[in-house]
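Here's a quick briefing to read with the structure open beside you. Take a look at the picture first, then work through the points below.

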Amino acid sequence: MTTERSALKLVQSLRDDTHTAVFAHRLLSWLTADPHPGRPRPPEFTDSRARALLRLAAGLDDPTLHNFQRLRADPPAARVALYDLLDSSGLAGNAEVTALA
């Protein structure tokens, strides 16, 4: 099965907005999990630090950030964003990611 088809199947399996939000939260936790739990963790990289670095690098401006936040608040747009992430990253074919749904 192609990644595109796997991503579509995975997003379509999300029953409703609540299930989509739960999956997105599980996916975020899985993506940010420490691959080396025995090692000391670096300081937390907060959203405000990330935004500041992206602005300094000209990778993010306020209008883009506002558009992203608006899209993220819209459930159909959130599904499209999840599909795009799963498809473009190849994560849709990962058995661990599929189990999160």
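Which side chain of opposite charge is nearest to Arg-79, and how many Å away is it? The nearest one belongs to Asp-17, 4.7 Å away. Arg-79 is buried yet has no salt bridge, because a salt bridge needs the charged atoms to be within 4 Å. Keep in mind that this is a predicted model.

**The big picture**

- The protein has six helices and zero strands, so if you were hunting for strands, you can stop, given how helices and strands are picked out here.
- Reading from the N terminus, the elements go α-α-α-α-α-α.
- Out of the 101 residues in the protein, 19% are buried.
- The protein exposes about 7500 Å², and carbon and sulfur atoms supply 58% of that area.
- Take the contacts between residues at least 6 apart in sequence: 71% of them join residues at least 24 apart.

**Arg-79 and its helix**

- Arg-79 sits in helix H5, which covers residues 75-89.
- Skipping residues up to four places away in sequence, Arg-79 touches Val-11, Leu-14, Arg-15, Asp-16 and Thr-20.
- Arg-79 has buried company in H5: Ala-77, Leu-82 and Leu-86 are buried too.
- How does the span of H5 check out at 1.5 Å a residue? Its 15 residues should span 21 Å, and the end C-alpha atoms are 21 Å apart, so the two agree.
- Right after H5 comes Gly-90, which has a positive phi, near 80°.

**The nonpolar core**

- In soluble globular proteins, nonpolar side chains tend to be buried together.
- In this model, the largest nonpolar core has twelve residues in all: Ala-7, Leu-10, Val-11, Leu-14, Phe-23, Leu-27, Leu-82, Leu-86, Leu-91, Ala-92, Val-97 and Leu-100.
- Which elements give two or more residues to this core? They are helix H1 (3-12), helix H2 (17-31), H5 and helix H6 (95-100).
- H1 gives the most to this core, with three residues.
- Ala-92 is one of the core residues. Leaving out neighbours within four places in sequence, Ala-92 is in contact with Thr-3, Ser-6, Ala-7, Leu-86 and Thr-98.

**Far apart in sequence: three pairs to find**

- Ser-6 is in helix H1. Is Ser-6 buried or exposed? Its relative accessible area is 13%, so Ser-6 counts as buried, as the cut-off for buried is under 20%.
- Ser-6 and Leu-91 are 85 residues apart along the chain, and their C-alpha atoms are separated by 9.1 Å.
- Lys-9 also lies in helix H1, but Lys-9 is exposed, because its relative accessibility is 53% and exposed means over 50%.
- Lys-9 is 74 residues from Tyr-83 in sequence, while in space the two are 9.3 Å apart, C-alpha to C-alpha.
- Ala-99 is found in helix H6, and with a relative accessible area of 63%, Ala-99 is exposed.
- Ala-99 pairs up with Leu-10: they are 89 residues apart along the chain, with 9.9 Å between their C-alpha atoms.

Notes:
Residues numbered from 1 in each chain as written. Predicted model: local features only at pLDDT ≥ 70, side-chain atom pairs only at ≥ 80, totals over all residues. Heavy atoms only, no water. Helix = DSSP H or I, 4+ residues; strand = E, 2+ residues; numbered from the N terminus. Buried < 20%, exposed > 50% of the residue type's maximum accessible area, 1.4 Å probe, protein only. Lys, Arg positive; Asp, Glu negative; His and termini not counted. Contact = heavy atoms within 4.5 Å. Expected span 1.5 Å × (residues − 1). Areas by Shrake-Rupley, 256 points an atom, 1.4 Å probe, with all protein chains shown as cover. Core = buried A, V, L, I, M, F, W, Y, C linked by side-chain atoms within 4.5 Å.
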